[in-house]
Amino acid sequence: MGKQLFIIGNGFDIFHGIQSRYSDFEAYVKTSRPSLYDALLEYFLQDELWSDFEATLALIDTNKIVEDAAQYLDDYGADDWSDSGHHNYQYEMQQAIDVVTVDLRNAFIEWILHLEIPSTGDLALPEDATYLSFNYTETPQRCYNIAEDSILYIHNKAIDLDSEIVLGHSRELSAEESFSNYEENDEMESYDVRVMEGNVILDDYFKNTYKDTASIISEREDFFRSLSDIDEIVILGHSLSTVDLPYFERIVDFVSPNCQWKVSYFGNRDKPVEILKSIGVPEKNITAIKIEELLS
């Protein structure tokens with residue numbers, strides 16, 4: 001057999017009994033970070049958040065954040081006005097944003113580090129293959145003794161609480177969507193500087209929670225170019241979600257048109273096949289499998 005590339009998603013960890021579903025993260029936050037959980041209840045749609053966590057980060061209820069902070073937007077002519085009032089609105093808004101960014105990210109890393117990873121696995125995974133992991137766990141290394149230099153953790157891995165993992169959505173605000181977008185002919189004196197600064201905070205939220213796949217791909221260009229001699233790609237437990245699809249498109253750019261693709265499915269067998277076809281993989285090269293078919 002020629003060279004193989006194994007692409008690993010969260011379903012791979014779940015197959016190994018690791019409680020790494022977003023619903024597991026919800027239970028962890030609810031128990032260990034109740035104030036964070038309450039904030040998430042306020043600012044996100046719960047069904048979407050715990051089923052498609054990263055994508056839902058782009059759907060934060062900015063109206064609710066503005067409304068909550070607006071009570072600190074005192075009138076300049078109020079009898080009890082003080083200079084500190086210049087910053088109360090922005091402060092409250094930043095506090096709300098920090099909860100669903102800084103606190104949420106910290107909780108997420110804590111949870112990843114808290115996950116129990118088995119020491120052995122039952123799949124037939126070759127040590128001489130190349131691995132691309134979308135997970136933050138070290139499951140391939142711990143379960144199968146795959147060498148670290150054979151694995152690219154495309155979004156980094158959680159090693160300790162200071163780990164810089166890549167977590168985010170695929171929505172990049174356009175100029176028209178920007179909260180701080182002002183027309184050149186607008187009379188700036190008509191704007192409240194506090195509101196303007198608050199709008200910048202909202203823009204920064206979307207920038208800071210945006211998963212910049214284009215930059216990540218550019219930084220890892222050598223890896224993608226090295227795939228030209230790959231004969232077979234095996235996708236295990238990856239949903240081929242919209243936010244990660246650009247990585248797969250880049251892989252298609254470099255592998256041979258004759259490269260064979262095996263993709264695991266859970267439930268709908270045709271869905272991953274159709275997604276791969278949509279990014280240019282010939283249908284005749286795609287085989288849908290169950291992860292269990294790789295049991296050793």
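A salt bridge here is a side-chain nitrogen of Lys or Arg within 4 Å of a carboxyl oxygen of Asp or Glu. Keep that in mind for the exercises below, and remember that this is a predicted model.

**Exercise 1. Salt bridges across the chain**

Work out how many salt bridges the rule gives, and which parts of the chain the D229 and K3 pair ties together.

*Solution.* Start with the total: the rule gives 18 salt bridges. Now take one of them. D229 and K3 meet through their side chains, with N to O at 3.6 Å, and the cut-off is 4 Å. Next, place the two partners. D229 sits in the loop between α11 (221-225) and β4 (230-236), while K3 is in strand β1, so the bridge joins parts that are 226 residues apart in sequence. Last, check accessibility: D229 is partly exposed at 37%, and K3 is partly exposed at 37% as well.

**Exercise 2. A bridge between helices**

Find which helices hold K64 and E42, and decide whether these residues are buried or partly exposed.

*Solution.* First the contact: the side chains of K64 and E42 form a salt bridge, 3.7 Å from N to O. K64 belongs to helix α6 (residues 62-70) and E42 to helix α3 (residues 34-43), so the pair ties together parts 22 residues apart in sequence. Then the accessibility: K64 comes out at 25%, which is partly exposed, and E42 at 39%, also partly exposed.

**Exercise 3. Bridges that join up**

Say which residues are linked with E138 in a network of salt bridges.

*Solution.* Begin with the pair E138 and K157, whose closest N and O atoms are 2.9 Å apart. E138 lies in the loop between β2 and α8 (139-144), and K157 in the loop between β3 (151-153) and α9 (193-208), so this bridge connects parts 19 residues apart in sequence. Both E138 and K157 are buried. Now widen the view: R142, E148 and K157 are linked with E138 in the network.

**Exercise 4. Ring pairs**

Classify the F6 and Y131 pair, then the Y22 and F53 pair, as stacked or tilted.

*Solution.* The whole structure has 17 aromatic pairs. For F6 and Y131, the ring centres are 5.2 Å apart and the planes meet at 20°, so this pair is stacked. The pair links F6 in strand β1 (residues 3-8) to Y131 in strand β2 (residues 130-133), 125 residues apart. Both of these residues, F6 and Y131, are buried. For Y22 and F53, the centres are 5.4 Å apart and the planes are at 40°, so this pair is tilted. Here Y22 in helix α2 is linked to F53 in helix α5, 31 residues apart. Y22 is partly exposed, at 24%, but F53 is buried, at 0%. Finally, Y22 and F53 belong to one aromatic cluster along with F25, Y37, W50, F108, W111 and Y136.

**Exercise 5. Locating the pockets**

Explain why the largest pocket lies between two domains, then do likewise for the second largest pocket.

*Solution.* The largest pocket holds about 1400 Å³ of space. Its lining has 45 residues, with N10, G11, G237, H238 and S239 nearest the centre. α1 gives the most to this lining, five residues. Domain 1 (1-20 + 121-167 + 213-291) and domain 2 (21-114 + 188-210) both contribute to the lining, so the largest pocket lies between them.

The second largest pocket holds about 200 Å³. Its lining includes G17, D24 and W111, and α2 gives the most, with three residues. Domain 1 and domain 2 both give residues here too, so the second largest pocket also lies between them.

Definitions and conventions. Residues numbered from 1 in each chain as written. Predicted model: local features only at pLDDT ≥ 70, side-chain atom pairs only at ≥ 80, totals over all residues. Heavy atoms only, no water. 1 Å grid on protein atoms, 1.4 Å probe; cavity = no way out; pocket = protein on both sides within 12 Å on 5 of 7 lines; lining within 4 Å. Points joined across faces, edges and corners; volume = space filled by probe spheres on them. Helix = DSSP H or I, 4+ residues; strand = E, 2+ residues; numbered from the N terminus. Domains from an automatic or database assignment. Phe/Tyr/Trp six-rings, centres within 6.5 Å; stacked < 30°, edge-to-face > 60°. Buried < 20%, exposed > 50% of the residue type's maximum accessible area, 1.4 Å probe, protein only.
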